[in-house]
Amino acid sequence: MAEFLHIMTLPFLACLVFTGIHAYLGLHVIERQVIFVDLALAQIAAVGASLAIVFGVSIDSPYSYWMSLGFTIIGAGIFSLTRFKKQRVPQEAIIGIVYAVSAALLILVLSRSGEGDEQIRQALVGNILLINLKEIIKIFVIYSIIGLFHYIFRKQFFLISQNPQEAFKKGLNVRFWDFLFYVSFGFVVTSSVKIAGVLVVFAFLIVPSTCAIIFSNVAKTRLILGWGIGFLVSAIGMAISYFLDFPTGASVVCAFGITLLILLVVKKIYQLNAIGR
């Protein structure tokens with residue numbers, strides 16, 4: 001047990017930090033029906049990092065991070081500009097196009113680099129077991145600032161996510177607030193994916209929020225449920241990884257998937273019992 005705590009304490013703390021911000025952002029992503037936006041932004045960030053490599057900069061350098069973030073902000077601008085009062089084309093389609101173009105652009109850029117593809121692969125896959133306390137403190141500070149920003153302007157963000165037509169009627173500059181949302185989201189994705197990889201970040205973003213939405217219609221309750229599920233499943237995933245000697249990231253993602261399946265079954269049984277009464 002002492003060895004388990006020694007190896008898994010920092011990765012588990014990182015998972016708690018991830019849950020704190022991703023469970024909240026996941027509520028917005030699901031309400032907006034832009035489920036794969038984090039994958040698109042991660043791909044855009046990878047393009048920025050790949051350009052840094054072509055210019056001879058290490059992928060772990062601050063310059064590479066800011067290049068990634070700069071490209072992510074460009075992506076945020078694209079997503080905010082494609083929000084219209086009457087949305088003829090689903091924004092998810094735009095996100096898919098951006099993802100495909102970014103992936104193709106990444107291939108073109110990496111064709112000019114000998115070892116860049118391996119470095120980018122490592123950056124996207126991540127390895128949460130290698131995280132150190134300094135990195136945890138760094139992402140905690142970043143996510144806390146973003147969380148505070150969203151708390152201050154929570155009325156605008158929730159109104160646009162839950163009822164965009166009402167936001168337009170009230171005269172809100174929806175595109176401007178969308179840009180701020182996606183930029184703040186980009187900060188989170190750029191930092192999280194580098195540490196944990198795309199699959200783990202996607203699981204933290206979508207699964208706790210989906211589970212919470214299944215059982216509650218109240219935003220505050222959904223957030224509390226999302227946090228609780230994220231904390232619990234992180235611990236279960238870490239334990240599975242350690243005691244069964246499985247890769248940590250994959251164990252956490254599978255634990256999230258199994259948890260969602262179990263909760264769906266529980267919800268269905270509850271509904272059937274309610275009908276039978």
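Where does serine 216 sit, in a helix or in a loop? Keep that in mind while you get your bearings; we'll select it a few stops from now.

**The whole thing**

First, a heads-up: what you have open is a predicted model. Show it as a cartoon. You'll find 12 helices and zero strands, so the pattern along the sequence reads α-α-α-α-α-α-α-α-α-α-α-α. With a radius of gyration of 19 Å, close to the 19 Å that the globule rule gives for 277 residues, the protein is as compact as a globular protein of that length. Turn the model around, and its C-alpha atoms fill a box of roughly 65 × 55 × 30 Å along the principal axes.

Now switch on the surface. About 14300 Å² is exposed, and carbon and sulfur atoms supply 70% of that. Of the 277 residues, 44% count as buried. Colour by charge next: there are 20 positive and 12 negative charges, and the mean positions of the two groups are 18 Å apart. One more overview number, about contacts between residues at least 6 apart in sequence: 78% of them join residues at least 24 apart. The next stops include some examples of residues far apart in sequence that meet in space.

**Stop 1: serine 216**

Back to the opening puzzle. Select serine 216, and you land in the loop between helix H10 (198–215) and helix H11 (219–243). Is this serine buried or exposed? Serine 216 is buried, because its relative accessibility is 8%, and the cut-off for buried is under 20%. Show its side chain: a polar atom there lies 3.1 Å from the backbone nitrogen of valine 218. Beyond the residues up to four places away in sequence, serine 216 touches Thr221, Arg222 and Leu225.

**Stop 2: serine 102**

Pick another serine, number 102. Serine 102 lies in helix H4, which covers residues 91–110. Its relative accessible area is 9%, so serine 102 is buried. Set aside its neighbours within four places in sequence, and the contacts of serine 102 are Gln43, Ile44 and Val47. Try a distance too: from the C-alpha of serine 102 to the C-alpha of alanine 46 is 8.5 Å, although 56 residues separate them in sequence.

**Stop 3: threonine 190**

Move to helix H9 (residues 174–196) and select threonine 190. Which side chain makes a polar contact of 3.3 Å with the side chain of threonine 190? Look for threonine 72. A polar atom of the threonine 190 side chain also lies 2.8 Å from the backbone oxygen of glycine 186. Threonine 190 has a relative accessible area of 8%, so this residue is buried. Leaving out neighbours within four places in sequence, you can highlight Ala45, Tyr65, Ser68, Leu69 and Thr72 as the residues in contact with threonine 190.

**Stop 4: isoleucine 73**

Next, go to helix H3 (residues 62–81) and click on isoleucine 73. Isoleucine 73 counts as partly exposed, because its relative accessibility is 31%. Residues up to four places away aside, isoleucine 73 touches Phe179 and Val183. Draw a line from the C-alpha of isoleucine 73 to that of phenylalanine 187: they are 114 residues apart along the chain, but separated by 8.7 Å.

**Stop 5: lysine 134**

Now head to helix H6 (residues 133–152), where lysine 134 lies. With 69% relative accessibility, lysine 134 counts as exposed. How far apart in space are lysine 134 and glycine 147, C-alpha to C-alpha? The answer is 20 Å, with their positions 13 residues apart in sequence.

**Stop 6: two backbone oddities**

Before the last two clicks, a bit of background. Most residues other than glycine have a negative phi. Select glutamine 33, in the loop between helix H1 (2–32) and helix H2 (37–54). Glutamine 33 has a positive phi of about 60° although it is not a glycine. Its relative accessible area is 60%, so glutamine 33 is exposed.

Finish with aspartate 245, in the loop between H11 and helix H12 (248–276). The phi of aspartate 245 is near 60°, again a positive value in a residue other than glycine. Aspartate 245 is exposed, because its relative accessible area is 69%.

Terms used. Residues are numbered from 1 along each chain as its sequence is written. This is a predicted model: local features need pLDDT of at least 70, side-chain atom pairs count only at pLDDT 80 or more; totals for chains, interfaces and linings use all residues. Side-chain values use heavy atoms; hydrogens and water are left out. Helices (H or I, at least four residues) and strands (E, at least two) are DSSP runs, numbered from the N terminus. Buried means under 20% relative accessible area, exposed over 50%, partly exposed in between (1.4 Å probe, protein chains only). A polar contact is a pair of N or O atoms within 3.5 Å; within protein, one must be able to donate a hydrogen and the other to accept it, and residues adjacent in sequence count only if both atoms are side-chain atoms. Contact means heavy atoms within 4.5 Å. The radius of gyration is taken over C-alpha atoms; the globule rule is 2.2 Å times the number of residues to the power 0.38. Accessible areas come from the Shrake-Rupley method with a 1.4 Å probe; for residues, only the protein chains shown count as cover. Lys and Arg count as positive and Asp and Glu as negative; His and the chain ends are not counted. The place of a charge is taken as NZ of Lys, CZ of Arg, CG of Asp or CD of Glu.
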